[in-house]
Amino acid sequence: MDLTGSQRIEAPREEVWRALNDAEILRQCIPGCQELVQTSPTEFTAKVVLKIGPVKAAFAGAVTLSDLEPPTAYRIYGEGQGGVAGFAKGGAKVWLIEEEGVTILNYEAQAKVGGKIAQLGARLIEGTSKKLAGEFFGAFALLVAPAPVDVTTE
Amino acid sequence: MFPFTYHRPTDLPTVHALLGGNDEAKLLAGGQTLIATLKQRLASPSDLIDLAAIPGLAGMSREGDTLVIGAMTRHADVAASPLVREALPALAALAELIGDPAVRNRGTLGGSIANNDPSADYPAACLALDATIVTDKREIPAGDFFRDLFETALEPAEVILKVIFPLGGQGAYEKFPNPASRYAMAGAFVWRGMGKVRVAITGTGQGGVFRWSEAEAALMTDFDPSALDGLWLDGDAMISDIHGTGAYRAHLAGVMTRRAVSRILALG
């Protein structure tokens, strides 16, 4: 399952790029993230509580940054085990385009869940992924530049 | 199941005291989603607060131009109620179509709308009938209540007490159930009255129940299925899963809407 979208951020590209590599900002943007600890410049360990309707499962896992092309693009990838609930993994290719002091953040994200959570939630994975991706980039834009102007998801 | 503490309070202040500041406590209404989730170990609340023993939360009554249904009223009771069948027959018919007998005999109106499952039936009725959801804190119009996938305007410790359905006009609900779960693959609740038309679609939208405004506008001009000729929802924005693609659901929702319109016309 793939989803793409873009987000206009009222900030220069350098600033957006710094934020994309800042553990504290990422922690505040990842939906349900309780803890994000940087273990190397491109690696983090994470604790995320996923809440979808009646389901509430805690995932422990790792977040990795790769294919870094500062200050324009990288790939962010996360994978976590949720015990009996199953596993979840997802990633996004993110690239930034600067337009007259404003940055357009584009993303192409993929999400996958497996195990029990997938059986029970099969009909909801796409909607949930879209919602979580929207929450992540929406929160990110708000943190980097307090008033986002335009949000599009397709 | 993971262990939890079960409570069965007999008044609302005790419910508030138990909920207060405890993020890990969950309210239990009919339990037809929550208990299944607990059995699968997909949630582990510390406390379950059963609302079944709170007086006054179940029951139906006619108050002026409205039908008032308590949050803990079971689907089977709504379906069988002579009062609902007479005052709001489309709602009784909808309740009859929910899930299976076990779900209908345990599941409740309040539980269904608080969960806001994107395939649940009651949210479509609340939206199309412009119901008001009354909680222990405030009154919320249905249009503001259903926010997104499994998301409502409810605050963490807010309890739904009842739902007020305005009477008048004519309504019909048509649904195409998933043959196994009986969840709506697509459901359309159409209502017309006082020069207005409302169309609420469930089972189809990725963000849960929604009003189909293009169909409403077309039906306001001419309340006939033919007014919807060529009008369909965008399949890319609809739920896509192993049971059906977004395009399939978009088409089904259009068909259910046309059938509901025909059904209302047949009422005369």
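# Exercises on a predicted two-chain model

B:Met194 lies in the loop between β12 (184-193) and β13 (196-202) of chain B. The model treated in these exercises is predicted.

**Exercise 1. Determine whether B:Met194 is buried or exposed, and describe its backbone.**

Solution. Begin with the surroundings of the residue. Within 10 Å of B:Met194 there are 7 other C-beta atoms. A residue counts as exposed at 12 or fewer such neighbours, and B:Met194 is therefore exposed. Turn next to the backbone. The phi angle of B:Met194 is near 50 degrees, which is a positive value in a residue other than glycine.

**Exercise 2. Locate B:Asp130 and classify its exposure.**

Solution. First, place the residue: B:Asp130 sits in the loop between α8 (122-128) and β6 (132-135) of chain B. Second, read the backbone: phi of B:Asp130 is positive, at about 55 degrees, although the residue is not a glycine. Third, count neighbours: B:Asp130 has 18 C-beta neighbours inside 10 Å. Burial requires 20 or more, and exposure 12 or fewer, so B:Asp130 counts as partly exposed.

**Exercise 3. State which residues B:Val209 touches, and decide whether B:Val209 is buried or exposed.**

Solution. B:Val209 belongs to the loop between β13 and β14 (210-211) of chain B. Its count of C-beta neighbours inside 10 Å is 30. Because burial begins at 20, B:Val209 is classed as buried. Leaving aside residues up to four places away in sequence, B:Val209 touches B:Pro123, B:Ala124, B:Leu127, B:Phe146, B:Ala200, B:Ile201 and B:Thr202. One of these contacts may be followed further: B:Phe146 is 63 residues from B:Val209 in sequence, yet their C-alpha atoms are 7.3 Å apart in space.

**Exercise 4. Identify the residues with the most contacts inside the largest nonpolar core, and trace where the core draws its residues.**

Solution. The largest nonpolar core has 122 residues. Within it, B:Ala125, B:Ala128, B:Phe189 and B:Val190 have the most contacts. The largest share of this core, eight residues, comes from α4(A). Domain 1 (5-50) and domain 2 (169-268) of chain B each supply at least three residues of the core. The C-alpha centres of these two domains of chain B lie 34 Å apart. For a detailed view, take B:Ala128: residues up to four places away in sequence aside, B:Ala128 touches B:Gly171, B:Phe189, B:Val190, B:Trp191, B:Arg198, B:Val199 and B:Ala200. As a general point, nonpolar side chains tend to be buried together in soluble globular proteins.

**Exercise 5. Assess whether the radius of gyration of chain B agrees with the globule rule, and summarise the fold of the chain.**

Solution. Start with the elements: chain B comprises eleven helices and 14 strands. The globule rule gives 18 Å for 268 residues, and the radius of gyration of chain B is 18 Å, so chain B is as compact as a globular protein of that length. Along the principal axes, the C-alpha atoms of chain B fill a box of roughly 55 × 45 × 30 Å. Of the 268 residues in chain B, 48% are buried. Among contacts in chain B between residues at least 6 apart in sequence, 59% join residues at least 24 apart. As for confidence, chain B averages a pLDDT of 96, and 100% of its residues score at least 70.

**Exercise 6. Carry out the corresponding analysis for chain A, and locate its cis peptide bond.**

Solution. Chain A has four helices and eight strands, which run β-α-α-β-β-β-β-β-β-α-α-β from the N terminus on. A compact globule of 154 residues would have a radius of gyration near 15 Å, and the 15 Å of chain A agrees with this. Buried residues account for 36% of the 154 residues in chain A. The cis peptide bond joins A:Pro70 and A:Pro71, with omega at about -5 degrees. A:Pro71 is placed in the loop between β4 and β5 (73-81) of chain A.

**Exercise 7. Describe the contact between chain A and chain B.**

Solution. Count the residues: 18 of chain A are in contact with 19 of chain B. On the chain A side, β4 (55-69), α3 (116-121) and α4 (125-144) each supply at least two residues. The largest share of that side, five residues, comes from α4(A). By character, the residues of this side of chain A divide into nine nonpolar, three polar and six charged. For the complex, the predictor gives an ipTM of 0.76 and a pTM of 0.88.

Key: Residues numbered from 1 in each chain as written. Chains lettered and ligands numbered in written order. Predicted model: local features only at pLDDT ≥ 70, side-chain atom pairs only at ≥ 80, totals over all residues. Contact = placed C-beta atoms within 7 Å. Nonpolar A, V, L, I, M, F, W, Y, C, P; charged D, E, K, R; others polar. pLDDT = per-residue confidence, 0-100. Rg over C-alpha atoms; globule rule 2.2 N^0.38 Å. Core = buried A, V, L, I, M, F, W, Y, C linked by C-beta atoms within 7 Å. Domains from an automatic or database assignment.
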